[in-house]
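Thanks for coming. I have one structure to show today, and I will keep it short. Please look at the screen.

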Amino acid sequence: MTLEEILSVRPEPGQPRTYTFPSFTRTVLPSGMQVLVVQIPGRPLVSANLIVRRGASDEPADLAGATVLMARAMTEGTERYPGVELIEAAERLGATLGVDANWDGFVASVDVAASRLPAALALLAELVEHPTFPEADVARLREERLNDLLQVKADPRRRVDQAFTSTIYAAGSPYGRPAAGDEQTVPGLTPDALRRVHRTIQDPSRTALVVGGDITAADVLRAIGASVDLVPTPANLPADPSVGAPTVASGVDHPIVRFYHRPGAVQTELRIGHVGLPRRTPDFYAVQVMGAILGGLFNSRLQMNLREDKGYTYGIGAGFDMRRAAGPFSVRTAVQTPATVPSISETLSELRRIRETEVTPAELAAARDYLIGVFPLRFETPGAVVGALGGLYVQGLPDDELTRYRAAVDAVSVADVHKAARDHIHIDRLAIVAVGDFDTVGADLEAAGFGELEVIREELPTEIAEGGEVDE
Amino acid sequence: MTAPNVRFSDERLANGLRLIISEDHLAPVVAVNVWYNVGSKHEVPGKTGFAHLFEHVMFQGSKHVAKAEHMSLVQGAGGTMNGTTWLDRTNYFETMPSHQLELALWLEADRMGTLLDALNQENLDNQRSVVKNEKRSSYDNRPYGAWFHKLQEHLFPPDHPYHHSTIGSMEDLDAASLEDVAAFFRTYYAPNNAVLSVVGDVDPAQARAWVERYFGQIPANRAIPPLGDMSLPPVIGSESRELVEDRVPLTRHFFGFRAPRMGDRRFDALEVAAQILAGGKGSRLHRRLVRDEHIAQDVGFFSLGLIGGASIMAGQVTVIPGVDPALVERVFEEELERLGREPVTDDELARARALIETYELEALQRVDERADRLSMYATLLDDPGMINRQLDRYLSVTAADIQAAAAEVLRPDNRAVVTYEPADDTTTGDAGEETAA
């Protein structure tokens, strides 16, 4: 056969190997803490995440940033290991420690060889239970955060992200503020404030230890010194209604444009969207498929239009960031300055189109096949599996959520996608937030009439420096 | 812990395509990874950014694949894909559910064999525009965005192929013609200039048969022009400095050093040194500059392995407002020079080794990473077996090795320092960090 004859025939897929998301066990300790263990043979490393269902959205507004700062400060010293000694002890085990918090929860994690898991878990427990929050170190971390806020202002993509969320949420909605705190709240994050937040995460009834790797549930229970009488059970709990959610509300009730002027910017950073959906929305799977078609796939409608047809951008994406309460829905891109107004027009027309007409069966199949097919690729390593199980716990989702994921995606129809777009994309309260050179595009933008326009000409930190407010 | 034991076969088709297959049935996943031995170092003056622009063109269709259809076929099959361009090479990769392996091989073969049948001005112009937006977004409109390009200019003389950035200049991107693209393809995108790695849930005999079928008849180019001599004096000879006023709020120093090539034992020692210097909160630079003296916001030090003349060791430190930038620079440099004066402690070395072991094993868990490393070691060092020996090489680095390598490399007369400081006027430039499609 010639090369042409060979290449002109597209190969057919083979027989797929059956795949099911790894099963896991649950043991409830007398304290109420859960231990979830997923055995994944053949992997030399074990991943362990200690998760608390309490995050930045649970902290009081005047202490905004306290949960994130507390997580960062935990590796600055504990009762048994002052200073960096805990980090050093972990390093000697070859254990990579991480402590972090987000809106929904707190996670302390470690990756380590299975043989060193008991020692690594002991360090994890010490770190979570006995941090000392030394005054000087907390002060330094506060200053680091304040300096980072200067960097946020200067970096167009970080600036627009922050401006977008503060625009779409009403005052008082936690998601509208930066999770790590802002210039108003960070100075008040004293060691005592961190200790107050720390007490709230010392709650076994809201805590799970999730471990994955070439180990058994018994190995893990032994490693944490749990009673030998405890028996792990196959995990099959339904959704947990006790998981609360913060109260959030939209700060936008009509289309608006908020433009942060950056003289001479060669691109405009754009975020277009509104308050979206919580993770436990009944339409979750239809929304996933709709989001993939609109702005998730490489060849999504937005990418094909603004990148592959018009060449306005290196990339454009859209999606719903789902949390315990309604996270943002956003279209995200950076476009060459002269293409700012046409890029917004094209984006709006794609948002209208997916609401007004049904997607084609081919588009539905492309998105569905991708989400179903890529699912096993996402869970190749213990770290990925453990992360996903932690997500289930934090959101209070049923134990079989990931097992039934592929069938649920497969059941999504064209009508479901259309309904999801109509119900969850809100043209009438879109916020268009931009960081770019307003003086170049302003006249066209005003003429386009996308919505009520507000232009913000803020001083950059470098200009503040010249004004003497920052001594440089 | 167990040392890596990646078993693989290594062979060449009659047309010169190097094929590496590694079997692992843990997950129903397979990685396909093609490295072409062409990077921005092959570009000539006036045609910078060309290798990377070409990488974008590789996704614009071939004779049997329409524009952008590569992505829809891969994603529709439940796979992921991308391509990246760097100084030494260009690579293309797909990770697929294992029953879709044949599709990925066919896609790679179709563009290796028939790309020019689909090439047209409209697609070239479209991707030129996309790449110019990539440059704006990744470098020009980003604080400190041009730092790496500036270091390249200081570390390598103007006539050296590492002197210019991978993303290239706007003028050169504008000047790229269809004929340039076609000539570039005919010259470098030949099977005898490529390594194809297939790793994961695969039947090697079946994979070999498919590769033979789809790639076997693609003609070799027996006249690939050799690169000129890229050798360099091991040390720059004098310190090189640049002050950049940019729209940045905090002063940041970037440091670059000319270092031995990848595969040199001294380069291994410097990679371990980087872990001791800046690998996390227990490291020397973090401890001294961020934690104890509290004069820096953050620190970094890392290696960029290259094979043409020299590699790069690079570092950065962000100065806390109100602190004298000169002091911060001095302390940073003092710590680098100390490495050359006195041996690291046994405990520091033990901690670095333990962490490097975990990082290596963590990375090698994934089939895409294994495929990429096999292709990399085969392309750059002609030695895919390095995938199993590299960890051992790190673990056998001694304190004396680190001291000797640091004394040789981390010295003032081998150093470039680029300092970004706040100004209300913006300077823009371009830099060549790894560039993905």
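I will go through a sheet in chain A, then a helix, then the two domains of chain B.

Keep in mind that this is a predicted model.

Start with the sheet in chain A. Six strands form an open sheet, in the order β10-β11-β9-β12-β8-β13, with mixed pairing. At the edges are β10 (313-320) and β13 (452-456), each pairing on one side only. On average, neighbouring strands are turned by 15 degrees against each other, direction ignored. Helix α10, residues 301-309 of chain A, packs on this sheet and touches β10 and β11. The direction of α10 makes about 160 degrees with that of β10(A).

Now one pair of strands. β9 and β12 of chain A are antiparallel and share 5 bridges. In that pairing, A:Leu270 stands opposite A:Ala434 of β12(A).

Next, helix α15 of chain A, residues 414-424. Which residues of α15 are buried? They are A:Val417, A:Ala420, A:Ala421 and A:His424. Seen down the axis of α15(A), the buried residues fall within an arc of 95 degrees, so they line one face of the helix. Their cover includes α9, α11 and α12 of chain A.

Last, chain B. Its domain 1 covers 9-215 and its domain 2 covers 240-428. Their C-alpha centres lie 28 Å apart. Where they meet, 33 residues of domain 1 are in contact with 32 residues of domain 2. The domain 1 side divides into 16 nonpolar, 9 polar and 8 charged residues.

That is what I have.

Definitions and conventions: Residues numbered from 1 in each chain as written. Chains lettered and ligands numbered in written order. Predicted model: local features only at pLDDT ≥ 70, side-chain atom pairs only at ≥ 80, totals over all residues. Buried ≥ 20, exposed ≤ 12 C-beta atoms within 10 Å, placed from the backbone. Helix = DSSP H or I, 4+ residues; strand = E, 2+ residues; numbered from the N terminus. Arc of directions from axis to C-beta. Contact = placed C-beta atoms within 7 Å. Domains from an automatic or database assignment. Nonpolar A, V, L, I, M, F, W, Y, C, P; charged D, E, K, R; others polar. Pairing = 2+ DSSP bridges. Axes fitted to C-alpha atoms, helices over the stretch in contact; angles between N-to-C directions.
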